[in-house]
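Before reading on, please take a moment to look over the sequence and turn the model in space. The report below then goes through its helices and the places where they meet.

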Amino acid sequence: MNLPMIAGTVSTILFAVSMLPMLVKAARTKDLASYSLGNLLLANIANAVHSVYVFSLPAGPIWLLHVAYVVASVLMLAWCLRYRHAPGGATDVVGKGLRPQERLLEA
């Protein structure tokens, strides 16, 4: 392995691992009030378009990094849509425009 491939592999692992706390917290709390639906939609569209470029490259760390971004973006969008309209869920309070600390008082 040459230096650019090692750097690409290490950075891919670091970027992928850096997304885990966000995904775990979103899955655990179902609180996505701080995420913009428009931003999540745009990120998913951008990932779809960027996939054309990434997957035209030879297989390597960039493929894994892009797949990690795609999975994270799709999950966040799906959870945002799902929990936004969940009856009795955290998003009912989100619709009231309350901050997380105010939700505790609401419950």
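Two residues are said to be in contact, or to touch, when heavy atoms of theirs lie within 4.5 Å. The model discussed here is a predicted one.

With that meaning of touch in mind, consider Asn47, which lies in helix 2. Asn47 touches His66, Tyr69, Val70 and Ser73, if residues up to four places away in sequence are not counted. Because buried means under 20% relative accessible area, Asn47, with a relative accessible area of 13%, counts as buried.

Asn47 belongs to a set of buried residues in helix 2, the others being Leu40, Asn44, Ser51 and Val54. An α-helix has 3.6 residues a turn, so residues three or four places apart point the same way. Among what covers the buried residues of helix 2 is helix 3, residues 61-84.

Helix 1 can be described in a similar manner, for its buried residues are Gly8, Thr12, Met19, Leu23 and Ala26, and what covers them includes helix 3. Just after helix 1, Lys30 takes a positive phi of about 60°.

The table sets out the lengths of two helices.

| Helix | Residues | Expected span | Span between end C-alpha atoms |
|---|---|---|---|
| Helix 1 | 27 residues | 39 Å | 40 Å |
| Helix 2 | 18 residues | 26 Å | 25 Å |

For helix 2, the expected span follows from 1.5 Å a residue, and the distance between the end C-alpha atoms agrees with it; for helix 1, the reach is likewise close to what is expected.

The starts of these helices also show polar contacts. At the start of helix 1, a side-chain oxygen of Asn2 reaches to within 3.0 Å of the backbone nitrogen of Met5, while at the start of helix 2 a side-chain oxygen of Ser36 reaches to within 3.3 Å of the backbone nitrogen of Gly38.

How do helix 1 and helix 3 lie with respect to each other, and at what angle do their axes cross? The axes come within 9 Å and cross at roughly 10°. Since angles under 35 degrees count as roughly parallel, helix 1 is roughly parallel to helix 3. The residues that make this contact include Met5, Gly8, Thr12 and Met19 of helix 1, and Pro61, Leu64, Ala68 and Trp79 of helix 3.

The largest nonpolar core has 12 residues, among them Met19, Leu23, Leu40, Ala72 and Trp79. Helix 1 and helix 3 each supply at least two residues of this core, and helix 3 gives the most, with 7 residues.

Definitions and conventions. Residues are numbered from 1 along each chain as its sequence is written. This is a predicted model: local features need pLDDT of at least 70, side-chain atom pairs count only at pLDDT 80 or more; totals for chains, interfaces and linings use all residues. Side-chain values use heavy atoms; hydrogens and water are left out. Helices (H or I, at least four residues) and strands (E, at least two) are DSSP runs, numbered from the N terminus. The expected span of a helix is 1.5 Å times one less than its number of residues. Buried means under 20% relative accessible area, exposed over 50%, partly exposed in between (1.4 Å probe, protein chains only). A polar contact is a pair of N or O atoms within 3.5 Å; within protein, one must be able to donate a hydrogen and the other to accept it, and residues adjacent in sequence count only if both atoms are side-chain atoms. A nonpolar core is a set of buried Ala, Val, Leu, Ile, Met, Phe, Trp, Tyr and Cys residues joined through side-chain atoms within 4.5 Å. Axes are lines fitted to C-alpha atoms, for helices over the stretch in contact, and angles run from 0 to 180 degrees between N-to-C directions. Angles under 35 degrees count as roughly parallel, over 145 as roughly antiparallel, 65 to 115 as roughly perpendicular and the rest as oblique.
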